[in-house]
Amino acid sequence: MAPLSSLLRLRECVQRTSVLCSVFTHGLHHRPKRDFSTVHVQRGGGQLLSQQFRGKNNATSVHSSSSSSSNGQDVTERLWSIYNETKRQTEAISTDSVDPNTIFTNNEMSLQDIEIYGFDYDYTLAFYSRHLHTMIFNIARDILISNHRYPEGLRKYEYIPDFAVRGLHYDVQKALLMKIDAFHYIQLGTVYRGLHPVSDEEVIAMYEGCHVPLENMSDFYGKSSHGHTMKQFMDIFSLPEMTLLSCVNDFFMKHNIDYEPVHLYKDVKEAIRDVHVKGIMYRAVDADIEKYICYGEESHAVLRKLSDNGKKMFLITNSPFDFVDRGMSYIVGKDWRDLFDVVIVQADKPSFFNVKGKPFRRVTDNGALLWDRIHRLEKGQIYKQGNLYEFLRLTGWRGSKVLYFGDHIYSDLADLTLKHGWRTGAIIPELRKEIKIMNTKQYVHMMSWLQALTGLIEQMQVHRDPESRAVVEEWIRERDSMRPQTKDIFNAQFGSLFRTYHNPTYFSRRLSRFADMYMASISCLLNYDFQHIFFPRRTPLQHESPFWPEHSSADLSASAQHHRTTVKSD
């Protein structure tokens with residue numbers, strides 16, 4: 001999200017561009033009697049053509065337009081004059097930096113209404129170093145070789161940290177990894193077979209275009225089942241899985257080995273699952289916890305703040321108790337269980353949220369499972385499995401007074417939003433990196449010019465004379481050449497987690513549907529008090545006229561600071 005002040009400046013630039021285009025249009029159609037000093041921008045809402053644009057360049061003046069509009073060379077000169085003036089304006093645009101510690105909201109929410117806070121464990125309370133992904137990749141690769149008889153040559157492949165991004169789709173039958181937008185269209189330039197891109201022409205031929213039909217998309221939880229040929233990777237733990245799939249595909253193609261893509265996908269999936277289910281990853285992390293877990297001083301501060309303010313807290317995780325206990329003791333301290341009113345491990349999400357059959361079992365400190373019926377969930381005790389319906393009955397924690405945080409949009413958040421009315425918060429660690437890139441001058445200038453250039457094309461495409469068409473087509477080629485840059489600046493293969501060029505990604509679409517708010521980490525909660533109301537930005541719909549307050553965010557911030565100072569002095 002760009003700050004309000006930068007949006008105001010960009011809007012102003014686009015308004016001026018629209019006025020210049022209006023001047024050109026009327027000049028082209030021989031309307032010399034019109035007084036362009038009073039031209040209003042319809043979509044901008046009253047911005048006047050300033051003297052600098054009417055008088056600075058004779059090529060854009062009204063009299064020049066009316067007297068030489070029949071001259072093809074003059075038409076070209078006037079178009080390029082508008083282009084150059086617009087580009088000059090966008091180069092002068094500066095922007096306030098977006099704070100990566102901000103909480104972003106999709107749905108209005110007041111923290112005053114939240115009484116109970118729930119958390120996932122992995123990548124919500126505990127954050128892992130890149131060493132963990134390397135370890136998962138290496139172990140799963142070796143399982144393929146030792147257990148599934150894959151070629152020994154695969155050991156030469158190492159984990160590539162910056163190859164994939166979360167939210168990608170994998171075509172199981174075609175062995176293609178790709179990014180898809182919110183409208184089910186493949187982003188050309190992001191389709192990979194193995195470690196190499198597939199040409200746009202080949203992609204279009206294979207899919208008879210770029211659209212993926214709904215029946216071929218992954219199921220509700222991102223899985224490729226029941227006829228769905230696409231698998232969506234939504235979990236941060238899936239980054240090593242995507243990389244391993246790509247590496248094995250690459251090996252087979254390089255060595256001209258005939259293979260069945262469906263078998264490859266299932267074998268890699270099973271190898272990755274074994275790393276988790278058989279406890280290999282848990283034992284490795286426990287053996288060197290400082291290497292794999294990033295110390296969670298701020299996570300501890302958030303939990304302490306919630307506890308000190310009388311908030312109820314609970315933990316629901318798929319990880320086993322010994323692993324969680326070791327990690328939480330490292331992050332929070334040996335007394336971490338005192339902060340939580342309920343702790344549930346090996347919950348088997350997302351089944352936990354929608355299947356009623358599994359009862360809770362109490363787990364002793366040494367890991368033994370007790371057989372007694374659970375009549376209430378007690379503080380200080382550890383429970384395994386269970387289901388949300390029983391959880392709601394035993395706790396009474398229902399509806400919008402509960403806010404649950406997790407990193408997996410499907411397994412952690414979707415059912416809670418759609419079926420149970422809890423408020424939800426998505427933890428997106430990738431936000432910090434993307435916001436840091438968005439705050440750079442390179443990105444700001446690139447996107448400002450891309451938006452302005454798109455506006456020029458939109459305004460001037462109505463002219464059908466050969467001279468105008470030639471110029472507009474050159475602008476279109478420039479725009480097309482710029483768009484890959486907006487991808488590469490985030491990730492050379494797949495771009496941003498949140499956008500496919502202009503459109504939101506499929507990941508973004510699900511995020512906006514299932515998460516009331518999202519943030520880089522739960523430490524962002526430290527920046528807000530419990531009276532804070534989160535308001536989503538009112539972004540104009542396509543048929544609405546954009547409206548923004550006259551004050552920039554800097555003005556509003558200064559006004560708020562003045563108000564606080566005045567209140568204190570009174």
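The exercises below, each followed by a worked solution, concern a predicted model.

**Exercise 1. Find the order of the strands in the open sheet, name its edge strands, and work out how β14 is joined to β12 and to β13.**

Solution. Begin with the general idea that strands of a sheet pair through backbone hydrogen bonds, either parallel or antiparallel. In this model nine strands form an open sheet in the order β1-β19-β16-β15-β3-β11-β12-β14-β13, and the pairing is mixed. The edge strands are β1 (104-105) and β13, each of which pairs on one side only.

Next, look at β14 (residues 382-385) and strand β12 (residues 342-345), which run parallel and are joined by three bridges; here Val-345 has Lys-384 of β14 as its bridge partner. Then turn to strand β13 (residues 360-363), which pairs with β14 in the antiparallel sense over four bridges, and where Val-363 has Ile-382 of β14 as its bridge partner.

**Exercise 2. Compare the span that helix α7 should have with the distance between its end C-alpha atoms, and decide whether the helix is enclosed or not.**

Solution. The expected span is 1.5 Å times one less than the number of residues. For the 17 residues of helix α7 (residues 238-254) this should give 24 Å, and because the end C-alpha atoms are 24 Å apart, the two values agree. As for its surroundings, 15 of the 17 residues of α7 are buried, so the helix is largely enclosed by the rest of the structure. Just after α7 comes Asn-256, which takes a positive phi of about 55 degrees.

**Exercise 3. Describe the surroundings of Thr-86: is this residue buried or exposed, and which backbone oxygen does its side chain reach?**

Solution. First place the residue, which belongs to helix α4 (residues 72-91). Since a residue counts as buried under 20% relative accessible area, Thr-86 is buried, because its relative accessibility is 0%. Its side chain reaches the backbone oxygen of Ile-82 at 2.8 Å. Finally, Thr-86 and Leu-456 are 8.6 Å apart in space, C-alpha to C-alpha, although they are 370 residues apart in sequence.

**Exercise 4. Classify the aromatic pair formed by Tyr-121 and Phe-323, and explain which parts of the chain the pair ties together.**

Solution. A pair of aromatic rings is described by the distance of the centres and the angle of the planes. The rings of Tyr-121 and Phe-323 are 6.1 Å apart, centre to centre, with 85 degrees between the planes, and the pair is edge-to-face, planes over 60 degrees apart being counted in this way. Tyr-121 lies in the loop between β3 (116-119) and β4 (127-128), while Phe-323 lies in helix α12 (residues 321-331), so the pair ties together parts that are 202 residues apart in sequence. Both Tyr-121 and Phe-323 are buried.

**Exercise 5. Contrast His-184 with Glu-208 in phi and in burial, and then find the omega of the cis peptide bond between Lys-349 and Pro-350.**

Solution. Recall that most residues other than glycine have a negative phi, and most peptide bonds are trans. His-184, in the loop between β6 (176-178) and β7 (192-193), has a positive phi near 70 degrees, and this residue is buried, with a relative accessible area of 9%. Glu-208, in the loop between α6 (200-207) and β9 (230-232), has a positive phi near 55 degrees, but counts as exposed at 77% relative accessibility. For the last step, the cis peptide bond joining Lys-349 and Pro-350 has an omega of about 10 degrees, and Pro-350 lies in the loop between β12 and α13 (351-354).

Note on methods
Residues numbered from 1 in each chain as written. Predicted model: local features only at pLDDT ≥ 70, side-chain atom pairs only at ≥ 80, totals over all residues. Heavy atoms only, no water. Pairing = 2+ DSSP bridges. Helix = DSSP H or I, 4+ residues; strand = E, 2+ residues; numbered from the N terminus. Buried < 20%, exposed > 50% of the residue type's maximum accessible area, 1.4 Å probe, protein only. Polar contact = N/O pair within 3.5 Å; in protein donor to acceptor, adjacent residues only side chain to side chain. Phe/Tyr/Trp six-rings, centres within 6.5 Å; stacked < 30°, edge-to-face > 60°.
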